[in-house]
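Visitor: I am new to this structure and would like a close look at a single part of it. Could you take me slowly through one sheet and what surrounds it, and then place that part within the whole chain?

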Amino acid sequence: MITITLVLLVSGCSSSPGVQSGVQVKTSNDPSTTIPNRIVIPGLVSLLNDPPETFHNKQIALLTNQSGVDLSGIQNVDRFQELFNRQLKVVLSLKAILSPEHGFSGKFGRGESIEYSTTNDEDIRIYSLYGKTKKPLPGMLEGVDLLIYDIQDIGVRYYTYISTLGLAMEAAAEANIPFVVLDRPNPIGGEKVEGPVLDLKQRSFIGFYPIPVRYGMTVGELAKMIVGEKWISPVPELIVIPMDHWTRNMLYGDTNLKWINPSPNIPDVETAVIYSGTCLIEGTNISEGRGTQHPFKLIGAPWIDADILTEKLNEYQLPGVDFKPTYFTPKSLPGVAPYPKYENELCYGIEINITDQEAYLSFNTGIAIITAIYDLYPDQLTFKNQHLLWLLGSEKVLNSLQDRLPAEQVFQIY
């Protein structure tokens, strides 16, 4: 067990829209690091800056992965360990680490069952919540006073970290302990909402709440909505440690924060934006680009004519996007894309290039790609109906695709 001490880490931060040049932040490597103008201060750093009395002398479990870092890119667990060595005032004991899909290190592939319960070098128990167990068991929270969630979300309904969030909140309520969210930015912005609201008849681990696909909230805001709407039962006492200087119109590039891949196939912010539409391709027999250097940006199959598909999609004149013909060969990438569709086969299709991120409609783009391919290749395209239904969250939208309605008509359904 590690005892952790939380101290004042950031000086001069306020709730004003920006931070003035020259504000100093203490880090483990450089005590005089300067915060850039308008840097967003994530909830982790806000907590370390000013821990409320609720946190004093508590034993904690931390639900996190590789994305839970401070301003210098140092992981939350390491910061807690380091702070213990300073032997200062506010003492916490880290009892356990819980990890979502892709594991604590983020190196496991999509859907890969993770069945471990192990310890790190400091004898902290690490439990997987993506295998036979997806909800923390009572024994995992034994002796724990607070369950803390610190993971970078991407603002998309079918990203399983937020399903893990809800199950962990239920477990905290059942254990009669508060649930704490260390808030982080929605990297694809807090103003745009897209896609159908999930019909709860289609609820699954890849779609847990009645929210749109692109839901425009931070994970802290989502947690408040989950509690307020009672989408889980029971609901815990919820504490959200807010960010400083984040505004709804920000995209991740505006935050001046370092991008840490939240999962193996989201290597950059542009991919996160595109993913909220092209993840729908998972529910078909088309390659969504897994097994390439550009997952979700490359869409194709061996039987597609790249030039014809590109021409058809560009005729739609979708806002903020340009399509280019391309070809690619998916390769099995352990921990990133094991056994991708059409492994080692040459695929032809399109590359998605965002030309105006504010105008770009990611979900409409995903729908348009499916409808265009179905129009051109009705005998080759097949749907994985149950999986696609879970992603869409709407039987009406699935039926419209199966009926080969034009994209413009499908857009009107959600």
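Guide: Let us begin with a helix, bearing in mind that the model is a predicted one. Helix 6, made of residues 306-315, lies across strand 12 and strand 13, and it runs at about 170° to strand 12. Helix 7, residues 362-376, lies across strand 11 as well as strand 12 and strand 13, and its angle to strand 12 is about 55°.

The strands that these helices lie across belong to an open sheet of three, in the order 11-13-12, and their pairing is antiparallel. At the edges of this sheet stand strand 11, residues 298-301, and strand 12, residues 321-328, each of which pairs on one side only. On average, neighbouring strands here are turned by 25° against each other, if direction is ignored. In general, the strands of a sheet pair through backbone hydrogen bonds, and they may do so in a parallel or an antiparallel way. Between strand 11 and strand 13, which covers residues 347-354, the antiparallel pairing extends over four bridges. To find this pairing in the picture, one can look for Ala-301, which stands opposite Tyr-348 of strand 13.

The loops that lead into these strands deserve a careful look too. Most residues other than glycine have a negative phi, and most peptide bonds are trans. In the loop between helix 5 (269-278) and strand 11 sits Phe-296, whose phi is near 70° and therefore positive, although this residue is not a glycine. Phe-296 also counts as buried, because its relative accessibility is 1%, and the cut-off for that word is a value under 20%. A second residue with a positive phi, of about 55°, is Tyr-342, again not a glycine; Tyr-342 is found in the loop that joins strand 12 to strand 13. Elsewhere in the chain, the peptide bond from Ser-233 to Pro-234 is cis, with omega near -5°, and Pro-234 has its place in the loop between helix 4 (219-229) and strand 10 (238-241).

From the sheet we can turn to the spaces in the structure. The second largest pocket holds about 170 Å³ of space, and its lining includes Gln-357 and Glu-358, along with Ile-188, Arg-214 and Met-250 among others. By character, the residues of this lining divide into three nonpolar, four polar and five charged. Cavities are present as well: a search of the whole structure finds three of 30 Å³ or more. The largest cavity has a volume of about 110 Å³, and among the residues that line it are Pro-42, Asp-70, Gln-152, Arg-184, Tyr-252 and Ile-260. Here the lining is made up of six nonpolar, three polar and three charged residues.

Finally, the sheet can be set within the chain to which it belongs. The protein chain comes to ten helices and 13 strands in its secondary structure, and of its 414 residues 59% are buried. If we take the contacts between residues at least 6 apart in sequence, 74% of them join residues at least 24 apart. To return to the part you asked about, then, it is an open sheet with the order 11-13-12, with helix 6 lying across strand 12 and strand 13 and helix 7 lying across strand 11, strand 12 and strand 13.

Notes: Residues are numbered from 1 along each chain as its sequence is written. This is a predicted model: local features need pLDDT of at least 70, side-chain atom pairs count only at pLDDT 80 or more; totals for chains, interfaces and linings use all residues. Side-chain values use heavy atoms; hydrogens and water are left out. Two strands pair if DSSP finds at least two bridges between them. Helices (H or I, at least four residues) and strands (E, at least two) are DSSP runs, numbered from the N terminus. Axes are lines fitted to C-alpha atoms, for helices over the stretch in contact, and angles run from 0 to 180 degrees between N-to-C directions. Contact means heavy atoms within 4.5 Å. Buried means under 20% relative accessible area, exposed over 50%, partly exposed in between (1.4 Å probe, protein chains only). On a 1 Å grid over the protein atoms alone, a cavity is a set of points where a 1.4 Å probe fits but cannot get out, and a pocket is an open set with protein on both sides within 12 Å along at least five of seven lines; lining residues have an atom within 4 Å of a point. Grid points are joined across faces, edges and corners, and a volume is the space filled by probe spheres set on the points. Ala, Val, Leu, Ile, Met, Phe, Trp, Tyr, Cys and Pro count as nonpolar, Asp, Glu, Lys and Arg as charged, and the others, Gly among them, as polar.
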